[in-house]
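Here's a walk through one protein model, with an eye on its aromatic rings and one of its internal holes. Have a look at the fold before reading on.

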Amino acid sequence: MPDLATRVYNHNFRIDPIVRSLLDTDFYKLLMAQMIFRRHRDVRASFAIQNRSVRVRVGDEIDLGALREQLDHARTLRLSRGESTWLRGNTFYGKRQILSSEFMAWFEEFRLPDYELETRDGQVALTFHGPWAETTLWEVPALAILNELRSRAVLRDLGKFELQVLYARAMTRVWEKIERLKRLPDLSIADFGTRRRHGFLWQDWCVQAMSEGLGPKSFLGTSNCLIAQRREVEAVGTNAHELPMVYAALAGDDDAALAAAPYAVLADWQQDYEGNLLVILPDTYGTTGFLRHAPDWLTAWTGIRIDSKDPIEGGEEALAFWRARGCDPREKLAIFSDGLDIADIERIHAHFHGRMRIGYGWGTRLTNDFRGLVPDGRLDPISVVCKVVSAQRRPTVKLSDNPSKAQGPAEEVARYKRVFGVGEQAALPVSV
């Protein structure tokens with residue numbers, strides 16, 4: 001177990017780059033990259049950083065030269081022989097060689113592509129352009145770098161004893177949450193906190209704490225591949241909104257093809273993967289409409305991830321969907337993952353336990369909960385995302401169940417709402 005305070009105090013040493021491996025990413029990114037590589041190798045896509053917490057001027061808080069240095073370092077990384085062996089030979093979700101030899105041969109030679117960086121109105125304008133299979137792999141490291149640079153900027157002003165006390169308080173906070181989690185029957189929870197973590201070393205500590213505190217029956221693993229490899233826990237994850245957003249953009253001006261795009265994604269995914277990887281993410285263009293028009297073959301899928309809708313409302317909607325399709329909800333899985341903290345998990349568990357299988361993807365409030373531990377909330381997490389913004393020069397659109405998370409040009413958003421039958425939506429605060 002590293003002395004976190006000492007390591008952070010010496011962060012200027014090059015021994016601690018923010019992203020230290022191409023495996024320092026989320027497992028779902030590799031699964032999606034393989035599908036993109038197989039099916040859409042010629043599609044070009046652009047990604048961009050967006051700070052939803054506009055009150056925080058990230059471009060003023062961090063040093064642009066340091067950001068460029070960290071991004072350039074990430075571009076030098078390649079898979080080591082041991083990392084390649086782990087990916088090729090390990091069993092994920094009960095399946096060996098889930099990543100094909102063809103994809104692995106490509107990934108072993110892969111390096112992150114170039115980027116464009118500037119600041120605008122106190123915000124970081126960071127974009128990535130190129131083949132979709134390449135630019136998609138920037139999302140997680142770019143966000144991890146931005147968030148840790150914010151943390152380092154604050155921690156740089158603290159002395160070693162202040163850092164020791166800070167981390168002692170943060171560790172206590174995490175452990176108290178774990179103690180509460182231990183009281184929940186039949187708990188299944190995983191770390192989803194890479195993108196907005198306080199730092200790599202801290203995420204690694206949190207995973208070890210969860211593993212020891214909850215044990216393998218309740219702690220399913222981590223989305224972070226590097227930590228999963230080093231700590232010998234499961235790497236977990238499925239897919240994200242990015243896939244239907246690009247498929248929808250590729251539909252062009254054909255409304256029928258646009259309406260079918262979210263299901264085309266899952267048809268392709270089902271051909272490529274199986275078992276517990278078959279988890280529906282229905283909210284890209286509205287959960288209610290997606291479930292209403294879902295083809296019958298989706299009822300055979302393992303479960304649903306409840307993301308942008310109120311978790312109780314979304315869970316009840318999933319239960320109603322399964323019942324209407326003749327399924328026993330107790331055999332189905334609902335994964336909750338949107339801005340969860342311990343009180344949210346307890347509330348969801350009390351409401352749904354015994355009615356269906358439940359899983360939790362715990363993110364920022366696990367790996368970056370330093371709220372109130374330094375003055376002026378300078379270590380409080382922010383909602384910063386890296387989203388695909390165009391594919392084949394067409395803008396991408398996301399409606400979400402929460403319009404606060406929507407993106408895209410106004411005229412395209414209006415068209416998508418018409419095609420997907422999305423009416424008025426109540427905006428909810430974006431949980432971090």
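What follows goes from the overall build to the aromatic pairs and then to a cavity.

First off, keep in mind that this is a predicted model. The protein has 18 helices and 13 strands. Its radius of gyration comes out at 21 Å, close to the 22 Å that the globule rule gives for 432 residues, so the protein is as compact as a globular protein of that length. If you'd rather think in box dimensions, the C-alpha trace spans about 60 × 50 × 45 Å along its principal axes. As for how much is tucked away, 60% of the 432 residues count as buried.

Now for the rings. Searching the whole structure turns up 24 aromatic pairs. Two of them are set side by side here:

| Pair | Geometry | Centre to centre | Angle between planes |
|---|---|---|---|
| F37 and F103 | edge-to-face | 5.9 Å | 70° |
| F336 and F352 | stacked | 5.8 Å | 25° |

Take F37 and F103. This pair links distant parts of the chain, with F37 in helix 2 (residues 27-39) and F103 in helix 6 (residues 101-108), 66 residues apart. Are these two rings buried or exposed? F37 is buried, with a relative accessible area of 5%, and F103 is buried too, at 0%. Why does an angle of 70° make the pair edge-to-face? Because planes over 60 degrees apart count as edge-to-face.

The other pair, F336 and F352, is stacked, with 25° between the planes. F336 belongs to strand 10 (residues 333-336) and F352 to helix 16 (residues 342-352), so this pair ties together parts that are 16 residues apart in sequence. F336 counts as buried at 1% relative accessibility, and F352 is buried with a relative accessible area of 0%.

Back to F37, which has further company. F37, F103, W106, F107 and F110 form one aromatic cluster. On top of that, the charged end of R41 sits over the ring of F37, 3.8 Å from its centre.

Finally, the holes. The structure holds 4 cavities of 30 Å³ or more, and the second largest has a volume of about 70 Å³. Which residues line the second largest cavity? The lining is made up of V19, S21, L22, D24, T25, L30, F107, F110, L112, L137 and P141. By type, that lining divides into 8 nonpolar, 2 polar and 1 charged. F107 and F110 also turn up in the aromatic cluster with F37, and both are part of this cavity's lining.

Conventions:
Residues are numbered from 1 along each chain as its sequence is written. This is a predicted model: local features need pLDDT of at least 70, side-chain atom pairs count only at pLDDT 80 or more; totals for chains, interfaces and linings use all residues. Side-chain values use heavy atoms; hydrogens and water are left out. On a 1 Å grid over the protein atoms alone, a cavity is a set of points where a 1.4 Å probe fits but cannot get out, and a pocket is an open set with protein on both sides within 12 Å along at least five of seven lines; lining residues have an atom within 4 Å of a point. Grid points are joined across faces, edges and corners, and a volume is the space filled by probe spheres set on the points. Ala, Val, Leu, Ile, Met, Phe, Trp, Tyr, Cys and Pro count as nonpolar, Asp, Glu, Lys and Arg as charged, and the others, Gly among them, as polar. Rings of Phe, Tyr and Trp (its six-membered ring) pair if their centres lie within 6.5 Å; planes under 30 degrees apart count as stacked, over 60 as edge-to-face and the rest as tilted. Helices (H or I, at least four residues) and strands (E, at least two) are DSSP runs, numbered from the N terminus. Buried means under 20% relative accessible area, exposed over 50%, partly exposed in between (1.4 Å probe, protein chains only). A charge sits over a ring if NZ of Lys or CZ of Arg is within 6 Å of the ring centre and within 35 degrees of the ring normal. The radius of gyration is taken over C-alpha atoms; the globule rule is 2.2 Å times the number of residues to the power 0.38.
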